[in-house]
Amino acid sequence: MRGIFAEQKESEIKNIDITSTVPCYIGMAPLWQTGAGWKEKAGKCFLLQSLSEAKKKIGYMEPTSGGFSKENSLSEVLYTHFKLIGSAPILVITNRQEFVESEDQTVEVVISNGKGVVHSEGKAILDSLTIDGKVLGDDFKASYDDMGKDIIIQDLKGSLEKTTTVKYKEVTFTDVTLAAETFDCLDTMEQDTGVIPATIAAPLWEETSINGETVYQKLKEISESVIDSHWYTQAFVQMYAKTVDTLKTEKSNKGVNSSKVKACWGFIRKGDLYVSMASVFSAAKALVDAGNDGVPYQSASNFTIEKIHGICNQDGSSMKMTQETANDINEIGVCTANFLAGNWRTWGPYMSNYSQEEEDDGTIDFQDASDTAVQMKDYICNNFQRTNVDYIDKDIPRKRAEEIADDYQINVLDTFVNAGYLLFAEIKINEDETSLKKGKFTFNIQETSTPSGRMITANVMYSDQGLKTYTEEEE
């Protein structure tokens with residue numbers, strides 16, 4: 001086998017080039033809103049920098065109220081990143097699927113001040129729209145409105161009748177599911193976009209079955225292995241229990257217990273809309289990482305979610321959250337939101353394998369379930385490969401191997417330690433697994449992530465010092 005690799009080993013405890021921190025989402029989008037060639041966009045990956053770019057490339061449909069549907073799950077991601085959190089760029093993979101088109105729909109459209117509206121609830125196929133005797137792009141222009149619900153017709157030459165007959169086809173859905181082949185895009189994502197995903201998620205699809213396994217199991221499988229034989233990532237998944245009491249049962253029944261999976265519960269509500277906690281946590285992580293030069297040494301927990309109106313269940317029913325309840329949820333390895341000091345905040349620095357009970361009895365080390373520890377280990381694995389890939393198939397004498405270790409120690413690991421990203425980091429040549437004759441070089445990297453502050457306590461007590469001072473001044 002040839003190439004450069006990184007393997008995660010069990011930790012040995014003793015008593016900058018920026019790797020991608022872009023999140024990737026897998027799901028469905030209203031591709032039919034984007035015009036000619038829209039079917040060819042199914043089963044493809046896209047790097048999106050803004051909502052306007054996303055509308056042109058994959059479409060966008062925002063419900064008037066309630067939550068986003070599975071058939072429109074990527075629109076939830078776009079709303080969360082670009083309208084709620086303000087985090088860009090993102091990667092998306094559109095479902096590889098066949099589309100069913102309806103027969104022609106015929107409507108009469110009133111043209112006023114050069115414009116008319118086709119009310120289609122976002123299902124009209126944009127490039128199927130026709131007006132007898134008129135040419136799209138020459139006589140008139142058609143585009144979806146900002147919400148992705150209605151098509152706006154603009155009369156370019158003043159030649160449309162006051163009441164114009166418009167024909168179009170609609171997309172229909174039957175037995176919609178995610179195709180297993182959709183996930184294959186992950187292995188070619190770097191070729192297609194130049195970016196590797198730091199996290200993966202498929203909001204609203206986690207319980208859907210694909211070839212005998214759920215989407216959650218697929219995400220877990222990917223996060224516990226590597227993408228394209230190289231890249232390490234974490235998965236963000238949504239939990240759907242209606243109550244805290246049934247959350248632990250759901251987590252156990254689904255086997256959500258991986259150190260590479262971030263489990264999230266609850267939906268974030270803004271006005272009449274709500275979005276999954278997994279989308280919010282993932283977007284928050286991307287924004288926190290971007291503020292730290294792309295190095296994921298900080299948790300996305302305790303991130304202030306601006307201008308929202310609370311949390312709710314998937315059916316939209318409001319929920320209250322106390323500090324005690326939020327901590328109880330965290331103690332079983334699930335993240336949520338907490339209202340504290342006047343703001344709603346993401347809450348939970350743990351991966352889904354965490355258990356307070358297991359930490360208390362010593363069967364799990366907090367560092368094995370800390371999100372920052374997992375993030376930094378993945379980051380270093382990815383960064384080491386990107387930093388040293390040019391050495392493959394080049395002459396590497398013993399001195400050059402030592403230089404690789406020294407350069408990475410000084411330029412990356414020492415920089416991280418000095419900046420406080422890590423408490424300790426050291427790289428050495430693994431003499432037992434290195435063979436100069438075979439051209440095989442193995443390096444051991446040991447690192448200790450900087451622990452997150454989990455509790456700050458101030459002991460406040462009475463003192464009579466003030467009275468003594470006051471008495472002394474009177475005398």
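**Exercise 1. Decide whether S87 is buried or exposed, and describe its surroundings.**

Solution. The structure is a predicted model, in which local features need pLDDT of at least 70, side-chain atom pairs count only at pLDDT 80 or more, and totals for chains, interfaces and linings use all residues. Residues are numbered from 1 along each chain as its sequence is written, and side-chain values use heavy atoms, with hydrogens and water left out.

Begin with the cut-offs: buried means under 20% relative accessible area, exposed over 50%, and partly exposed in between, with a 1.4 Å probe and protein chains only. S87 counts as buried because its relative accessibility is 2%.

Next, locate the residue: S87 sits in the loop between helix 2 (73-85) and strand 4 (90-94), where helices (H or I, at least four residues) and strands (E, at least two) are DSSP runs numbered from the N terminus.

Finally, list the contacts (heavy atoms within 4.5 Å): leaving aside residues up to four places away in sequence, S87 touches H81, F82, A283, A286 and L287.

**Exercise 2. Work out the strand order of the open sheet of 5 strands, and find which helices lie across its strands.**

Solution. Two strands pair if DSSP finds at least two bridges between them. The order is 3-18-17-19-20, and the pairing is mixed. At the edges are strand 3 (66-67) and strand 20 (318-319), each of which pairs on one side only.

Inside the sheet, strand 17 (residues 267-270) and strand 19 (residues 310-312) run antiparallel and are joined by 3 bridges; I268 has I311 in strand 19 as its bridge partner.

For the helices, angles run from 0 to 180 degrees between N-to-C directions, and axes are lines fitted to C-alpha atoms, for helices over the stretch in contact. Helix 2 lies across strand 17 and strand 18 (273-276), at about 105° to strand 18. Helix 6 (residues 277-290) lies across strand 17, strand 18 and strand 19, and runs at about 70° to strand 18.

**Exercise 3. Determine the strand order of the open sheet of 8 strands, and examine one parallel pair.**

Solution. The order is 2-4-1-12-15-16-21-22, with mixed pairing. The edge strands, which each pair on one side only, are strand 2 (45-48) and strand 22 (343-347). With direction ignored, neighbouring strands of this sheet are turned by 25° against each other on average.

For the parallel pair, take strand 16 (residues 261-265) and strand 21 (residues 334-340), which 2 bridges join; in strand 21, C335 is the bridge partner of C264.
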